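Visitor: I should be grateful for a close look at one part of this structure, namely its sheet, together with what surrounds that part.

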Amino acid sequence: MTRLSAAQALESYRSADLLELGREASAVQKRLHPEGVVTFVGDRNINYTNVCVVGCLFCAFHRRPGDPEGYVLSIDQVVAKVEEAVAGGVTQILLQGGVNPAIPLSYYTELFRAVRRYPVHIHSLSPVEIAFLADREGVDAETILSKLREAGLDSLPGGGAEILSDRPRSIQSPRKIPASRWLSIMETAQRLGMKTTATMVYGSVETPAERIQHLLAIRDLQDRTGGFTAFIPWSYQPKNTSLGGKEAGGAEYLRMVAISRLTLDNVPNLQVSWVTQGLKLAQVALAFGANDFGGTMMEENVVRAAGVTFRARKEDIVAAIREAGYRPAQRDTYYRIRQEF
Ligand code: SF4
């Protein structure tokens, strides 16, 4: 299959028949994953702080410094959550917070050293947090990543990407790192040997061309490093945010999943976002190119702050995958199968 150019991807995204787009994306999914398995990982998100100075307009989760609803979890509190997660079969911990200037670098190194005593993979922090720590310590991102890696950080989730195009970023998150820095921190992490994922939050102020620009930025970096394990698109959740607006619909989600699968020919896995789209639409997305259900999300606070309350137990995810016609399997962070159901 020839690689889609930006113009071809945009044309398909805008004009192709939805079911035809889905058929093409499904053919790619079947070629990449011919065994008919759809995976998920046992994970827990722990938001160690909700205090953030970046103040993205689309974010309902954060609180400004000094806000009475602001919090920082102690290392003991995080460890208690990790213990509970391990007892519940979780293998991946996603620690992510706001950008809180009151938290020293030593908090992160001590935290990771404490968490790594448990049999979990630490898939934590986004390039936004790494950039802030680097700037505050007066060092480069590689120095921060190396220190955190030495303390136990295994891989980076793809948060903070939203739309990797500076025009929409300057509107919805003017104090956030530009697209180029997000990409360069991911490249640095990948060159250090850390795997990462990439996300996309579409449906706010960006144009279709800027969505395609995002996909091509991920594809270009992946050509150089091969460090992305998965791509995860989801729709902007407008409730309780300063930016407001409407949520993109289900057909737009399926179109986005399909064009992602078709454009990102070098990223092996495409995750559905059941936590924002619900299990039923996630099932349908498996026929539009997706092959992974992401995490069991034992705890999730960011999307919930935007008024979205989809919840699922591991059994529900297994049943949803099976009902959609695939073999469910629990994986680890590196997509190695741990258990089939
Ligand atoms: S999205 Fe992240 S960086 Fe932006 S305000 Fe929310 S917590 Fe802060």
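Guide: What follows describes the sheet, then the core, one loop residue and the surroundings of the ligand. The model is a predicted one.

The sheet is open and consists of three strands in the order β2-β3-β4, with parallel pairing. Its edges are formed by β2, residues 43–46, and β4, residues 121–122, each of which pairs on one side only. In general, the strands of a sheet are held to one another by backbone hydrogen bonds, in either a parallel or an antiparallel arrangement.

Strand β3 can be followed through its partners. Towards β2, the parallel pairing comprises four bridges, and Ile-46 has Leu-95 of β3 as its bridge partner. Towards β4, strand β3, which spans residues 92–95, pairs in the parallel sense over two bridges; here Gln-92 stands opposite His-121 of β4. Both faces of β3 are covered: Gln-92 and Leu-94 are buried on one side, and Ile-93 and Leu-95 are buried on the other. Helix α3, residues 75–87, lies across β2 and β3 and runs at about 165° to β2.

Ile-93 leads from the sheet to the nonpolar core. The largest such core has 93 residues, and Ile-93, Ile-130, Phe-231, Val-257 and Ala-285 are the members that touch the most others. Helix α10, residues 250–263, gives the most to this core, contributing seven residues. Phe-231 may be examined further: leaving aside neighbours within four places in sequence, Phe-231 is in contact with Ala-198, Ile-218, Ser-260, Leu-264, Val-267 and Leu-270.

A residue in a loop offers another view. Ser-165 is located in the loop between α6, residues 141–151, and α7, residues 166–172. Ser-165 counts as partly exposed because it has 19 C-beta neighbours inside 10 Å, whereas a buried residue requires 20 or more. Beyond neighbours within four places in sequence, the contacts of Ser-165 are Ala-179, Glu-206, Glu-210, Gln-213 and His-214. Between the C-alpha atoms of Ser-165 and Ile-232, which are 67 residues apart along the chain, the separation is 17 Å.

There remains the ligand. The residues around the ligand are Cys-52, Val-54, Gly-55, Cys-56, Cys-59, Phe-61, His-62, Gly-98, Val-99, Val-128, Ser-173 and Lys-176. By character, this shell divides into seven nonpolar residues, four polar residues and one charged residue.

Notes
Residues are numbered from 1 along each chain as its sequence is written. This is a predicted model: local features need pLDDT of at least 70, side-chain atom pairs count only at pLDDT 80 or more; totals for chains, interfaces and linings use all residues. A residue is near a molecule or strand if its C-beta atom, placed from the backbone, lies within 6 Å of it. Ala, Val, Leu, Ile, Met, Phe, Trp, Tyr, Cys and Pro count as nonpolar, Asp, Glu, Lys and Arg as charged, and the others, Gly among them, as polar. Two strands pair if DSSP finds at least two bridges between them. Two residues are in contact if their C-beta atoms, placed from the backbone, lie within 7 Å. Axes are lines fitted to C-alpha atoms, for helices over the stretch in contact, and angles run from 0 to 180 degrees between N-to-C directions. A nonpolar core is a set of buried Ala, Val, Leu, Ile, Met, Phe, Trp, Tyr and Cys residues joined through C-beta atoms within 7 Å. A residue is buried if 20 or more other C-beta atoms lie within 10 Å of its own, exposed if 12 or fewer, and partly exposed in between; C-beta atoms are placed from the backbone.
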